[in-house]
Amino acid sequence: MSIAYLNGSYLPLAEARVSVLDRGFLFADGIYEVAAVIEGRLIDSASHLARLERSASALDIPLPLSLAEVEAAQKELVHRNAMVEGLVYLQLTRGAAETRDFLAPADLAPTLVMFVQPRAFLDTPAVREGIAVATMPDLRWARRDIKSVGLLAQAMAKRVAKEAGAQEAWMVEDGFVTEGASSTAFIVTDQGIVTRPYSQAVLAGCTGAALGALAEESGMTLVRRPFTVSEALAAQEAFITSASTLCQSVVRIDGQPIGAGAPGPVAMRVRQLYIDFARRTAV
């Protein structure tokens, strides 16, 4: 039986209840984080906690726990669920008011929920074979740097991508790829590894940031600039990063093979660099 965390209590996931008046449900007035677990330990935890704090600050939602207490609760969930490999999901909302109103009471207590999802990502067919992505217009709001629970545009994009035979969607704005529906987008060209610089237009991916730093430390060139769909189609390689995939090769974009149409050496190398880093620094 899966155990969840809800506002200071550990209880069976099936018994965890949040009010229908919670502002996360009514207004998407909340944020979330997803941390990976490998060999029973949290990966890149400090980066995820720092982003949690930034997102909460941007929405002026108070954290009910210190970052150290959040991490301790996540570790306790991993332990109670005996999870070896998978994800810890965290969601923080402004809380539940007595009535539905766009303006929340100033003293509203936030809602903090956490649960785990076992998932294999170290060795999967997608790692060995690569994935396909489909491009589509970016319909999201302007503050994409906040990890908001308002994910309707991303959910729509994922559904359209699936119908096109792809496993991920790449969002496009003014001809340039912003990011994946749930990942950071990278291509490999003669310039090196190319990915979009951080701004309000994209989420600062924790996995992507660590992977980029590791690539540079190993002597690879990382270029932070926007790239077009045409550049991606002509790239030597393409890949995505996220907590739930780590680093995964993209072998087709809109049905067109990328490079050799198979996972490339750069993506596989940086993936291994990240896995080694994750094992060294896990908590």
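**Exercise 1. Find the residue that lies over the face of Y198 in this predicted model, and give its distance from the ring centre.**

Solution. Start at the ring of Y198 and look over its face: the residue there is R224. Then read off the distance, which is 4.4 Å from the ring centre. Now try the same thing at Y10, where R80 lies over the face. Here the distance from the ring centre is 4.2 Å.

**Exercise 2. Classify the ring pair of W170 and F227, and work out which parts of the chain the pair ties together.**

Solution. Two numbers do the job, since a pair of aromatic rings is described by the distance of the centres and the angle of the planes.

- Step 1: the ring centres of W170 and F227 are 6.0 Å apart, and pairing asks for centres within 6.5 Å.
- Step 2: the planes sit at 65 degrees, and over 60 counts as edge-to-face, so that is what we call this pair.
- Step 3: place the residues. W170 is in strand β8 (residues 168-173), while F227 is in the loop between β12 (222-224) and α7 (229-233), so the pair ties together parts 57 residues apart in sequence.
- Step 4: check burial. Both W170 and F227 are buried.

**Exercise 3. Do the same for F27 and F102, then say whether each ring is buried, partly exposed or exposed.**

Solution. A search of the whole structure turns up seven aromatic pairs. One of them is F27 with F102, at 5.0 Å centre to centre and 55 degrees between the planes, which is a tilted pair. The partners come from distant parts of the chain: F27 belongs to helix α1 (residues 23-27), and F102 to the loop between β5 (86-93) and β6 (111-118), 75 residues apart. Now for accessibility. F27 has 21% relative accessibility, and buried means under 20%, so F27 counts as partly exposed. F102 has 62%, and the cut-off for exposed is over 50%, so F102 counts as exposed.

While you're looking at rings, have a look at Y32, Y89 and F115 too: ring pairs link them into a cluster.

**Exercise 4. Describe the salt bridge between R51 and E33, and decide whether its two residues are buried or exposed.**

Solution. Salt bridges first: the whole structure has 14 of them. In the one between R51 and E33, the closest N and O atoms are 2.6 Å apart. R51 sits in helix α2 (residues 45-59) and E33 in strand β3 (residues 30-38), so to place them in sequence, note that they are 18 residues apart, a link between distant parts of the chain. R51 has a relative accessible area of 4%, so it is buried. E33 comes in at 3%, so E33 is buried too.

**Exercise 5. Set the bridge D138–R144 beside the bridge R143–D145.**

Solution. For D138 and R144, the closest N and O atoms are 3.5 Å apart. D138 has a relative accessible area of 10% and is buried; R144, at 8%, is buried as well. For R143 and D145, the N to O distance is 2.8 Å. R143 is partly exposed at 27%, and D145 is partly exposed at 25%. Finally, zoom out from D138 and R144: they are linked with R140, E173 and E179 in a network of salt bridges.

**Exercise 6. Work out how helices α6 and α8 are arranged.**

Solution. The axes of α6 (residues 206-217) and α8 (residues 265-281) come within 9 Å and cross at roughly 105 degrees. The range 65 to 115 counts as roughly perpendicular, so that is how α6 lies to α8. Residues that meet include L211 and L214 in α6, and L273 and F277 in α8.

Note on methods
Residues are numbered from 1 along each chain as its sequence is written. This is a predicted model: local features need pLDDT of at least 70, side-chain atom pairs count only at pLDDT 80 or more; totals for chains, interfaces and linings use all residues. Side-chain values use heavy atoms; hydrogens and water are left out. Rings of Phe, Tyr and Trp (its six-membered ring) pair if their centres lie within 6.5 Å; planes under 30 degrees apart count as stacked, over 60 as edge-to-face and the rest as tilted. Helices (H or I, at least four residues) and strands (E, at least two) are DSSP runs, numbered from the N terminus. Buried means under 20% relative accessible area, exposed over 50%, partly exposed in between (1.4 Å probe, protein chains only). A charge sits over a ring if NZ of Lys or CZ of Arg is within 6 Å of the ring centre and within 35 degrees of the ring normal. A salt bridge is a side-chain nitrogen of Lys or Arg within 4 Å of a carboxyl oxygen of Asp or Glu. Axes are lines fitted to C-alpha atoms, for helices over the stretch in contact, and angles run from 0 to 180 degrees between N-to-C directions. Angles under 35 degrees count as roughly parallel, over 145 as roughly antiparallel, 65 to 115 as roughly perpendicular and the rest as oblique. Contact means heavy atoms within 4.5 Å.
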